[in-house]
Amino acid sequence: VCYDAISGRELWNHEYEARLDDPMGGPGPRATPTLANGMLFATGATGAFMRLDPVTGEEVWRKELKEVSGQELPMWGFSSSPLVVGTNVMVWAGGPGEKDLLAFDVESGDLRWSVAAGSDTYSSPQLSTIAGEDLVLMLSNGGLVLVEPATGKVRLNYEWAFSGYRA
């Protein structure tokens, strides 16, 4: 939903048919939308990952994280807030193999790269500058993975296995 900041009037509302309701989180999305470079990205709790026009709310493209990653719906839903770096938008999906952290082209929605980054997390990818280099950090039950945002090349995989849910 988009509201006018001064009047509070609703400007647009984008809806799609889906519902996830769990006893701890209640219904609705678990991730914060990301506004970057005139584009709006959102992750729905059931795995709809989309780019919207921030002025009209029209859907530009949409990907289903369950299909792209091969991940079943987590009990808490998909909860990764999108991270935009350059021409990539990244989101965690937790799929098998190397389908955990995914990067999509911001314009087309095409999958650019994917890497193994753990199967469970409440966390979202974060951008950090380490030793003068921009890297994306992803914390999960497997540990901490640092990747190059343009290519997905893993620069560090700090294996720190945890059997619970790391946030």
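# Exercises on a predicted model

Gly142 is partly exposed, with a relative accessible area of 31%. Keep in mind that this is a predicted model, and let's work through some exercises on it.

## Exercise 1: A glycine in a loop

Locate Gly142 and find how far its C-alpha atom lies from that of Gly118.

**Solution.**
Step 1. Start with the secondary structure: the loop that links β14 to β15 (143-147) contains Gly142.
Step 2. Check the accessibility class. Buried requires under 20% and exposed requires over 50%, so the 31% of Gly142 puts this residue in the partly exposed class.
Step 3. Now take the C-alpha distance. Gly142 and Gly118 are 24 residues apart along the chain, and 4.6 Å separates their C-alpha atoms.

## Exercise 2: A residue in strand β14

Decide whether Val136 is buried or exposed, then list what it touches.

**Solution.**
Step 1. Val136 belongs to strand β14, which spans residues 133-140.
Step 2. The relative accessibility of Val136 is 0%, so this residue counts as buried.
Step 3. Leave out residues up to four places away in sequence, and the contacts of Val136 are Leu83, Met90, Leu101, Pro125, Gln126, Leu127, Val145, Leu146, Val147 and Pro149.
Step 4. For a pair distance, try Ser119: it is 17 residues from Val136 in sequence, and the C-alpha atoms are 17 Å apart in space.

## Exercise 3: Strand β10 and its neighbours

Work out how many residues of β10 are buried, and which strands pair with β10.

**Solution.**
Step 1. Strand β10 covers residues 88-92, and five of its five residues are buried.
Step 2. Split the strand by face. In a regular strand, side chains alternate between the two faces of the sheet. In β10, Asn88, Met90 and Trp92 are on one side, with Val89 and Val91 on the other, and both faces are covered.
Step 3. Look at β9 (residues 83-85): this strand pairs with β10 in the antiparallel sense over three bridges. Within that pairing, Val89 in β10 has Val84 opposite.
Step 4. Inspect the turn. The hairpin of β9 and β10 has two residues between the strands, and Gly86 there takes a positive phi near 65°.
Step 5. Move on to β11, which is joined to β10 by five bridges and runs antiparallel to it. Here Trp92 has Leu101 of β11 as its bridge partner.

## Exercise 4: From β11 to β12

Describe how β11 is joined to β12, and find the glycine with a positive phi in their hairpin.

**Solution.**
Step 1. Strands β11 (residues 101-105) and β12 (residues 111-115) run antiparallel and are joined by four bridges.
Step 2. Pick one bridge to check in your viewer: Leu102 is partnered by Ser114 in β12.
Step 3. Between the two strands of this hairpin there are five residues, and the glycine we want is Gly109, with a positive phi near 80°.
Step 4. A salt bridge also involves these strands' numbering ranges, so to speak: see Asp105 and Arg112, whose closest N and O atoms are 2.2 Å apart.## Exercise 5: Salt bridges

State how many salt bridges the structure holds, then examine the partners in three of them.

**Solution.**
Step 1. The total for the structure is six salt bridges.
Step 2. Asp105 and Arg112 form one of them. Asp105 is buried, at a relative accessible area of 12%, whereas Arg112 is partly exposed at 40%.
Step 3. Arg155 pairs with Glu148, with 3.4 Å between the closest N and O atoms. Arg155 has a relative accessible area of 41%, which means that it counts as partly exposed.
Step 4. Next, the network: salt bridges with shared partners join Glu59, Arg62 and Glu64.
Step 5. Within it, the side chains of Arg62 and Glu59 meet at 3.7 Å, N to O. Arg62 is partly exposed at 31%, and Glu59 is partly exposed at 34%.

## Exercise 6: The largest pocket

Give the volume of the largest pocket and describe its lining.

**Solution.**
Step 1. The volume of the largest pocket is about 590 Å³.
Step 2. Its lining consists of 23 residues, and those nearest the centre are His14, Tyr16, Pro29, Thr43 and Gly44.
Step 3. Sort the lining by class: 15 residues are nonpolar, six are polar and two are charged.
Step 4. Trace the lining to strands. At least two residues come from each of β6 (39-43) and β7 (48-52), and β6 gives the largest share, with three residues.

Conventions:
Residues are numbered from 1 along each chain as its sequence is written. This is a predicted model: local features need pLDDT of at least 70, side-chain atom pairs count only at pLDDT 80 or more; totals for chains, interfaces and linings use all residues. Side-chain values use heavy atoms; hydrogens and water are left out. On a 1 Å grid over the protein atoms alone, a cavity is a set of points where a 1.4 Å probe fits but cannot get out, and a pocket is an open set with protein on both sides within 12 Å along at least five of seven lines; lining residues have an atom within 4 Å of a point. Grid points are joined across faces, edges and corners, and a volume is the space filled by probe spheres set on the points. Ala, Val, Leu, Ile, Met, Phe, Trp, Tyr, Cys and Pro count as nonpolar, Asp, Glu, Lys and Arg as charged, and the others, Gly among them, as polar. Two strands pair if DSSP finds at least two bridges between them. A salt bridge is a side-chain nitrogen of Lys or Arg within 4 Å of a carboxyl oxygen of Asp or Glu. Buried means under 20% relative accessible area, exposed over 50%, partly exposed in between (1.4 Å probe, protein chains only). Contact means heavy atoms within 4.5 Å.
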